[in-house]
Amino acid sequence: MQLKKMIVLYALLSTSLFSRAQDAPINKQSFDQINLTYPGLEKTNALFLAGKYDEAAVQLLSYYRGRKNIRHPEFNLSDESRFKGKSIGTSNLEKANNALEHKFQPHKGYGFFDYGKDINWQFWPVKDNEVRWQLHRVYWWQPMGLAYRSSGDEKYAKEWVAQFRDWALKNPLGLSDDNDRYAWRPLEVSERVQSLPGTFNLFLKASDFSPAFLLEFLKSYHQQANYIPLHYSELGNHLLFEAQRLLFAGSFFPEFKDAASWRKSGISVLNTEIKKQVYADGMQFELSPTYHVAAIDIFLKAYNAAKMAGVENEFPESYSKTVENMIIAIANLSFPDYNNPMFGDSWLVEKSGRVRQFQSWAKAFPQNNTIKYFASEGKEGAAPAYLSHALSVGGFYTFRNGWNVQSTVMILKASPPGEFHAQPDNGTFELWVKGRNFSPDGGVYVYSGDAEINKLREEYRQTKVHQTLTLDNKNMVITKARQNKWETGKNLDILTYTNPSYPELDHQRSVLFINQKYFLIIDKAFGKATGNLGVHFQLKEDSKPVFDKTKNRVHTSYTDGNNLLIQSLNTDKVSLNEEAGKVSYAYRKEVARPAFVFEKPKNDGNAQRFITLLCPYEGDTVPEVSISFLTGNDFEKGELRISLSIDGKAQTIKTKL
Ligand code: CA
């Protein structure tokens with residue numbers, strides 16, 4: 001009996017004292033941000049007007065618990081059967097349970113760190129800026145919410161309420177410049193503004209979600225959302241994220257006095273930015289496939305959020321047309337495994353995930369056959385009627401002989417200057433043949449942080465770790481390619497562009513896709529500059545290449561017989577040298593891989609050339625390749641007249657470069 005009493009007493013204390021102890025008193029000002037004339041808040045307003053603020057808060061909580069007209073895209077109180085007793089996955093459960101002990105994983109590139117019994121929000125265990133920024137995205141809160149809804153265990157709710165309060169208490173705006181830089185970076189604020197409504201819905205029915213906590217939550221949420229339009233980032237995907245999330249805030253919480261102005265601001269920014277950030281060919285101006293896809297999802301999410309609030313007509317028709325173009329651009333930049341080149345800050349993706357994205361895009365554009373084709377993995381709709389295709393403004397060129405896994409696909413970048421997520425890499429390309437990406441881009445590995453982290457990032461950005469031309473192995477100073485020629489035909493597709501890579505040295509690259517099978521690359525370096533020229537190549541980590549310095553060639557040795565020969569066809573002296581190489585498919589993960597360079601000096605003002613054949617072949621017998629220059633061949637005039645012999649079969653190629 002005595003024990004039972006103690007337990008009851010403890011239970012009473014723990015709810016009334018420990019968890020509710022921090023409940024702030026509710027007064028008139030607690031409702032300052034809320035439009036109490038909003039439909040559905042009549043009872044709350046009546047109590048408020050009568051000065052019964054505690055009761056008004058109770059009523060407001062009951063309004064939110066019963067609210068049906070605003071549906072969150074993922075998490076809703078009424079979807080009980082979706083959560084109760086259902087597995088949330090080991091990864092979510094680990095995040096939720098570790099969070100109870102204040103062990104948080106601020107970034108997926110690293111593990112969990114102990115932030116202390118009394119949470120230290122300034123703790124910075126690895127001096128990678130992302131680790132400190134993304135801590136403030138509180139990624140583990142939704143897993144806690146899912147664990148709560150799945151198990152019904154109030155410990156998750158109690159802890160979340162405590163953490164929400166702890167975060168708000170210890171990270172007030174203006175605490176210090178240093179803290180504001182991380183906790184109040186507009187992108188992080190917008191990330192919270194985006195994820196908090198889902199977390200709100202997941203915990204809404206918890207007993208620790210008290211009327212007083214509701215008002216605290218709304219006050220903090222309002223402050224965060226309201227912060228965004230006053231601190232929009234200047235450019236790029238950050239601004240897009242911020243605008244989309246502000247629109248979402250105004251759509252999910254239409255009860256705020258500022259909700260309409262948030263929606264208006266978000267829509268207006270997105271309407272302006274979509275015109276500025278997306279080229280006529282559908283490429284987003286950061287020129288990184290990963291961020292391009294992120295931008296598609298931002299634009300579509302925004303449109304759906306506007307729909308939730310019934311204001312989708314505030315987007316002009318050109319808005320959705322542009323989003324559709326962006327999706328077609330990504331289809332053009334897709335290899336048959338649904339990956340895109342890892343140009344700029346880009347990562348490898350899971351096919352299933354990208355197929356799901358295409359499925360969600362197909363819902364938005366049900367009439368588009370190409371999107372349908374990708375969404376259904378080729379079962380419905382139709383592949384585009386063309387093969388090779390240029391996105392000439394964004395400078396992404398795809399050479400392609402088909403749309404299935406057996407196809408040959410080369411995607412090359414020769415672009416205007418990109419924003420933050422681009423690299424000095426014009427000319428680089430990835431080559432896919434029959435199910436294998438022979439030359440993935442190195443990727444990005446890490447973003448920014450202290451000197452050591454920045455050095456690691458810089459290694460991956462270097463021009464010389466890309467498949468292009470360098471002078472003295474330095475980074476190209478200007479990435480601003482000008483397209484000279486793009487033509488597609490039955491037996492020959494050809495691209496020529498010029499990039500003013502260095503002071504006094506331009507790089508002109510011509511790529512010829514011959515018989516839908518081989519690639520001939522002609523590089524011309526011209527201008528007054530002198531130094532050591534190199535044309536670099538990088539291969540996949542498992543390619544076991546054979547370097548043949550006598551024949552100036554490198555070939556892979558895959559045992560499945562799907563191989564690639566890279567053959568220098570220069571008749572002047574060019575040396576083949578191995579280089580250090582590595583590739584990163586995921587954050588802070590890297591593997592060594594083969595890399596090499598064809599080199600020669602440039603001693604005077606004369607132009608220098610590299611002629612290289614990329615020849616995919618079957619089996620383990622390396623093709624014998626030779627070139628002869630025919631009458632009328634004149635590189636200076638851009639007239640190409642050659643005979644190319646592969647295993648004794650000669651072919652004449654006559655074209656203007
Ligand atoms: Ca790269």
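This passage describes a sheet, two nonpolar cores and the surroundings of one buried residue in a predicted model.

In the predicted model, three strands form an open sheet in the order E22-E23-E24, with antiparallel pairing. The edges are occupied by strand E22, which covers residues 625–629, and strand E24, which covers residues 649–656, and each of these pairs on one side only. From one strand to the next, the twist averages 25 degrees. Strand E23, formed by residues 639–646, runs antiparallel to E24 and is joined to E24 by eight bridges; at Ser-643, the bridge partner in E24 is Thr-652.

Turning to the nonpolar cores, the largest contains 125 residues, of which Phe-31, Leu-60, Trp-160, Phe-209, Phe-217, Leu-270 and Phe-299 touch the most other members. When neighbours within four places in sequence are left aside, Leu-60 is in contact with Phe-31, Ile-34, Leu-41, Thr-44, Leu-214, Leu-215 and Leu-218. Another core, of 39 residues, lies apart from the largest one and includes Ala-390, Met-410, Tyr-497 and Leu-576.

A further position considered here is Ile-453, which lies in helix H18, a helix spanning residues 451–461. Ile-453 counts as buried because its relative accessibility is 5%, whereas the limit for that class is under 20%. With its neighbours within four places in sequence again set aside, Ile-453 is in contact with Tyr-110, Lys-127, Asp-128, Val-446, Tyr-447, Ser-448 and Arg-588. The C-alpha atom of Ile-453 is separated by 23 Å from that of Asn-120, and the two residues are 333 residues apart along the chain.

Terms used. Residues are numbered from 1 along each chain as its sequence is written. This is a predicted model: local features need pLDDT of at least 70, side-chain atom pairs count only at pLDDT 80 or more; totals for chains, interfaces and linings use all residues. Side-chain values use heavy atoms; hydrogens and water are left out. Two strands pair if DSSP finds at least two bridges between them. Helices (H or I, at least four residues) and strands (E, at least two) are DSSP runs, numbered from the N terminus. Axes are lines fitted to C-alpha atoms, for helices over the stretch in contact, and angles run from 0 to 180 degrees between N-to-C directions. A nonpolar core is a set of buried Ala, Val, Leu, Ile, Met, Phe, Trp, Tyr and Cys residues joined through side-chain atoms within 4.5 Å. Buried means under 20% relative accessible area, exposed over 50%, partly exposed in between (1.4 Å probe, protein chains only). Contact means heavy atoms within 4.5 Å.
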